Amino acid sequence: QVLLVESGGGLVQAGGSLRLSCVVSGIFSRYTMGWFRQAPGKEREFVAAITGNMNTYHVDSMKGRFTISRDNAKNTVYLQMNDLKLEDTAVYYCAAGSRIRNYALGYDYWGQGTQVTVSS
């Protein structure tokens, strides 16, 4: 059983920053890790992914503001979010899979999500 637990969400003003964390049980280094988000009434949206050997992929629209990273020694993947905007408000999920994919069905394991709310 692979368990993923996100943390770090919260309420932040527009222009602020948050760092999300996701701790993973199991053989962490073998998984490609992804971050997704889902706003109310919208589809789950891919944000970024990182392989076990640190290759990364970021969605163009968030590149430069959001950065994915991982610490294999801590079984943790991070999402650093800077210059947050109102439209970044969503539940953010981490996911584990076998390769970088930009769609939710490409990942096998999911966390429970953490709420990020950006206020004006």
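Relative accessible area sorts residues into buried (under 20%), exposed (over 50%) and partly exposed (in between), using a 1.4 Å probe and protein chains only. The model is predicted, so local features need pLDDT of at least 70 and side-chain atom pairs count only at pLDDT 80 or more, while totals for chains, interfaces and linings use all residues. Residues are numbered from 1 along each chain as its sequence is written, and side-chain values use heavy atoms, with hydrogens and water left out.

**Exercise 1.** Classify Y93 and W110 by accessibility, then describe how their rings are paired.

*Solution.* Begin with accessibility: Y93 has 13% relative accessibility and therefore counts as buried, whereas W110, with a relative accessible area of 26%, is partly exposed. Next, apply the ring rule, by which rings of Phe, Tyr and Trp (its six-membered ring) pair if their centres lie within 6.5 Å, with planes under 30 degrees apart counted as stacked, over 60 as edge-to-face and the rest as tilted. The centres of Y93 and W110 are 6.4 Å apart and their planes stand at 75 degrees, so this pair is edge-to-face.

**Exercise 2.** Place W110 among its aromatic and charged partners.

*Solution.* First, ring pairs join W110 and Y93 with F36, F46, Y57 and Y107 in a cluster. Then consider charge, which sits over a ring if NZ of Lys or CZ of Arg is within 6 Å of the ring centre and within 35 degrees of the ring normal. The charged end of R44 sits over the ring of W110, 4.9 Å from its centre, and that of R70 sits over the ring of F28, at 4.2 Å from the centre.
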